[in-house]
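Trainee: Please take a close look at one buried part of this fold for me, and then work outwards from there to its surroundings.

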Amino acid sequence: MLRCGRFNLSLDRPLIMGIINVTPDSFSDGGRFFSPASALAHARRLIDEGADLLDIGGESTRPGAAAVPEPEELERVIPVLDALSGLNVPLSVDTRKPAVMRAALAAGADMINDVNAFRSADALEVVASSEAALCMMHMQGEPRTMQAQPKYSDVAAEVTAFLAERAAAAVAAGISRERLMIDPGFGFGKTLQDNLALLRNLPQLAASGLPVLAGLSRKSMLGEITGRGVTERGAASLAAMLMALEYGAKMIRVHDVADARDALKVWQAIRVISHC
Ligand code: HH2
């Protein structure tokens, strides 16, 4: 079970997190949902398609992305959150900024998803006083430069140790473990070989006892393997997603919810997990 703001989410079956990028420059859908109206329409569509929760982001973290000033990020995210908060769907906000976290929580966010694992000063304190869930992701470096020269001696061990340390920091800040998710951060300061090693070692991460979120949808590692451009990685995304589920992921972060839902149903039927 994950305690997630207004919701207690059962993890008996894996959950689908649908991505809403309110950005002009996200790596696969930048500009498509930049206006609040198009973001809302997209959110409704993802809910109809079977998203269990939505992740709203106002800053691209693609390699090389420029940072977004705080007022701008607030302007992108908060109106969308306001408009969606009446729906009975858990809402996550994807941000690295404590001020955006604070405003998002005040506007009703149920989860904060931080690719920086709440390492900014005050980030843990801001979230501690809420009931929201936290997704803590591993990233080596920062988006502008992270793909320049990723370096690990044992990527799986280092990512596992980092996330254990961040979980301990959250607990020390007064946040219960039932509110925590961890994410190895596919593509965030990692080579293709690092990403594949992390995926193969996902069972080791899942063994930590905290639910694992896997974000593989349309990522460049899939382009490197298949030679496909970003809009043609649907099949590759599903293949990677199914391996992540098989290796213990409890939540998957995807752009294409309808396809992910079908793939998950088939996986569940084979695994004989009920409540499709
Ligand atoms: N990936 C992206 C953004 N946020 N959060 C988590 N927890 N895990 C991920 O793998 C992850 C994430 C990148 O994908 P996207 O949001 O589509 O792109 P962009 O950062 O360019 O907006």
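Mentor: Two strands are taken to pair if DSSP finds at least two bridges between them, the helices (H or I, at least four residues) and strands (E, at least two) being DSSP runs numbered from the N terminus. The model is predicted, so to speak of local features requires pLDDT of at least 70 and side-chain atom pairs count only at pLDDT 80 or more, while totals for chains, interfaces and linings use all residues. Residues are numbered from 1 along each chain as its sequence is written, and side-chain values use heavy atoms, with hydrogens and water left out.

The part I would choose is strand S7, residues 133–137, which is largely enclosed by the rest of the structure because five of its five residues are buried (under 20% relative accessible area, with exposed meaning over 50% and partly exposed in between, for a 1.4 Å probe and protein chains only). In a regular strand the side chains alternate between the two faces of the sheet. Here Ala133, Cys135 and Met137 point one way from S7, whereas Leu134 and Met136 point the other way, and all are buried.

On one pairing, strand S6 (residues 111–114) runs parallel to S7 and is joined to it by four bridges, with Leu134 serving as the bridge partner of Ile112. Between these two strands the chain passes through helix H4 (residues 123–128), and this β-α-β crossover is right-handed, meaning that, with the strands pointing away from the viewer, the path from the first strand over the helix to the second runs clockwise. S7 is also joined by four bridges to strand S8 (residues 180–183), again in a parallel arrangement, and in that pairing Met136 stands opposite Ile182. The link from S7 to S8 goes through helix H5 (residues 155–172), and this β-α-β crossover is right-handed too.

From H5 one can move to helix H6 (residues 192–200), where seven of the nine residues are buried, leaving the helix mostly covered. Among its buried residues are Leu192, Asp194 and Asn195, and the cover over the buried residues includes H5 as well as helices H7 (202–206), H8 (220–226) and H9 (234–246), judged by contact, that is, heavy atoms within 4.5 Å.

Two loop residues deserve attention for their backbone. Most residues other than glycine have a negative phi, and most peptide bonds are trans. Ala117, in the loop between S6 and H4, is not a glycine but has a positive phi of about 55°, and its relative accessible area of 0% means that it is buried. Arg218, in the loop between strand S9 (213–214) and H8, likewise has a positive phi, of about 60°, without being a glycine, and it counts as buried at 13% relative accessibility.

Last comes a helix pair. The axes of H1 (residues 36–49) and H2 (residues 70–84) come within 10 Å and cross at roughly 45°, which makes H1 oblique to H2 (under 35 degrees counts as roughly parallel, over 145 as roughly antiparallel, 65 to 115 as roughly perpendicular and the rest as oblique). Axes here are lines fitted to C-alpha atoms, for helices over the stretch in contact, with angles from 0 to 180 degrees between N-to-C directions. Pro36, Ala39, Leu40 and Ala43 in H1 meet Val80, Ala83 and Leu84 in H2. Asp48, also in H1, is exposed because its relative accessibility is 69%.
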